[in-house]
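Please look at the sequence and the structure below before reading on. The notes after them are grouped by topic.

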Amino acid sequence: MALKIERTDARIRRDEHLKELFSEGFPEFITADRLVKEYIGRVSEWFADLNLMLINEHDVPVASGWGVPIHWDGLPETLPTGYTQALVRAVEGREQGVEPNTLVICGAIVTPALKGHGLAGETLKALRQTARDVGWSQVIAPVRPTTKAQYPLTPIEKFMRWRREDGMALDPWIRTHQRLGAEVLSAAPASQTMTGTVAEWERWTGMAFPESGDYVIPGGLSLLRIDRSADEGVYREPNIWMQHN
């Protein structure tokens, strides 16, 4: 498949193409991260050059990926706490005139019909090349493991060590990064925090929460904690920090 790389904002895309590309997105509750909402507008405006699409020979977008730039000293203990703090650090770093040296790959998605054809890896490679082109020496990613939702009771610190017999990670999204030379750095047990009322969580999950307590929810990588007296549900999403070499 002949591919070209374009900035997402390079031109207007056809609605049906975008609908197909993003038809298998994330759980609805992923939008309930209040801190992300506060920063995402500036991220979209200031770092549009790090929002890329892969376009096939028919001029159709088949994959998309994006990231943000931060300054990081290379020490695991000074990593952002996860996805959300990476956005905060990128925005505030720009506002404070801090020179970035690291690309944080925040996400990648492939059109459903073409999954398994290596397009996710090509998207990651395109983002890595963008970082190299501007002289950033480090590329990291808060990886959202796709099969973690099958094991919501397992701590992320344990899950990230699970391996297949060939030594590769059990999780396929971690493996995609591994095949490009990335290594696991550390767990990010609270990469994002999603907050909503009980009614909102019932709408997002299609479940009822009749009393306070912890619940397994569809698509959740960890448990949702419901507090009916406060009319609040809080879900902390774990990720895994990986570094590309």
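What follows is a short briefing on selected strands, a helix, two loop residues and some aromatic rings. The model is a predicted one.

**Strand β8 and its neighbours**

- Strand β8 covers residues 224-227, and its two faces differ in cover: Leu224 and Ile226 are on the covered face, while Arg225 and Asp227 are on the uncovered one.
- Strand β7, residues 213-215, pairs with β8 in the antiparallel sense through 3 bridges.
- Within this pairing, Ile226 of β8 has Gly213 opposite.
- Strand β9, residues 232-244, also runs antiparallel to β8, and 4 bridges join the two.
- Leu224 has Tyr235 of β9 as its bridge partner.
- The hairpin of β8 and β9 has 4 residues between the strands, and Asp231 there takes a positive phi near 50°.

**Helix α6**

- Helix α6 spans residues 172-179, and 6 of its 8 residues are buried, so the helix is largely enclosed by the rest of the structure.
- The buried residues are Trp173, Ile174, Arg175, Thr176, His177 and Gln178.
- Which elements cover them? Among them are β4 (102-110), α4 (119-133), β5 (138-143) and β9.
- An α-helix has 3.6 residues a turn, so residues three or four places apart point the same way.
- At the start of α6, the backbone nitrogen of Trp173 has a side-chain oxygen of Asp171 within 3.0 Å.
- After α6 comes Gly181, which has a positive phi near 95°.

**Two residues with positive phi**

- Asp59 is not a glycine, yet its phi is positive, about 65°.
- Asp59 is found in the loop that lies between β2 (51-55) and β3 (61-70).
- The relative accessible area of Asp59 is 36%, so Asp59 is partly exposed, because partly exposed residues fall between the cut-offs of 20% and 50%.
- Asp231, also a residue other than glycine, has a positive phi near 50°.
- The place of Asp231 is the loop between β8 and β9.
- Is Asp231 buried or partly exposed? Its relative accessibility is 41%, so Asp231 counts as partly exposed.

**Aromatic rings**

- The structure holds 9 aromatic pairs.
- One of them is the pair of Phe29 and Tyr235, which is edge-to-face, with 5.0 Å from centre to centre and 65° between the planes.
- This pair links distant parts of the chain: Phe29 is in the loop between α1 (15-21) and α2 (34-46), Tyr235 is in strand β9, and the two are 206 residues apart.
- Phe29 has 1% relative accessibility, so it counts as buried.
- Tyr235 has 0% relative accessibility, so it counts as buried.
- Tyr151 and Phe159 form a tilted aromatic pair, 6.0 Å centre to centre and with 45° between the planes.
- In that pair, Tyr151 is partly exposed, with a relative accessible area of 30%, whereas Phe159 is buried, with a relative accessible area of 2%.
- Which residues do ring pairs link into a cluster? They are Phe29, Trp201, Trp204 and Tyr235.

**A charge over a ring**

- The ring of Tyr39 has the charged end of Arg42 over it, 4.7 Å from the ring centre.

**Where the topics meet**

- Tyr235 of β9 is the bridge partner of Leu224, and Tyr235 also belongs to the ring cluster.
- Strand β9 pairs with β8, and β9 is one of the elements that cover the buried residues of α6.

How values were computed:
Residues are numbered from 1 along each chain as its sequence is written. This is a predicted model: local features need pLDDT of at least 70, side-chain atom pairs count only at pLDDT 80 or more; totals for chains, interfaces and linings use all residues. Side-chain values use heavy atoms; hydrogens and water are left out. Buried means under 20% relative accessible area, exposed over 50%, partly exposed in between (1.4 Å probe, protein chains only). Two strands pair if DSSP finds at least two bridges between them. Contact means heavy atoms within 4.5 Å. A polar contact is a pair of N or O atoms within 3.5 Å; within protein, one must be able to donate a hydrogen and the other to accept it, and residues adjacent in sequence count only if both atoms are side-chain atoms. Rings of Phe, Tyr and Trp (its six-membered ring) pair if their centres lie within 6.5 Å; planes under 30 degrees apart count as stacked, over 60 as edge-to-face and the rest as tilted. A charge sits over a ring if NZ of Lys or CZ of Arg is within 6 Å of the ring centre and within 35 degrees of the ring normal.
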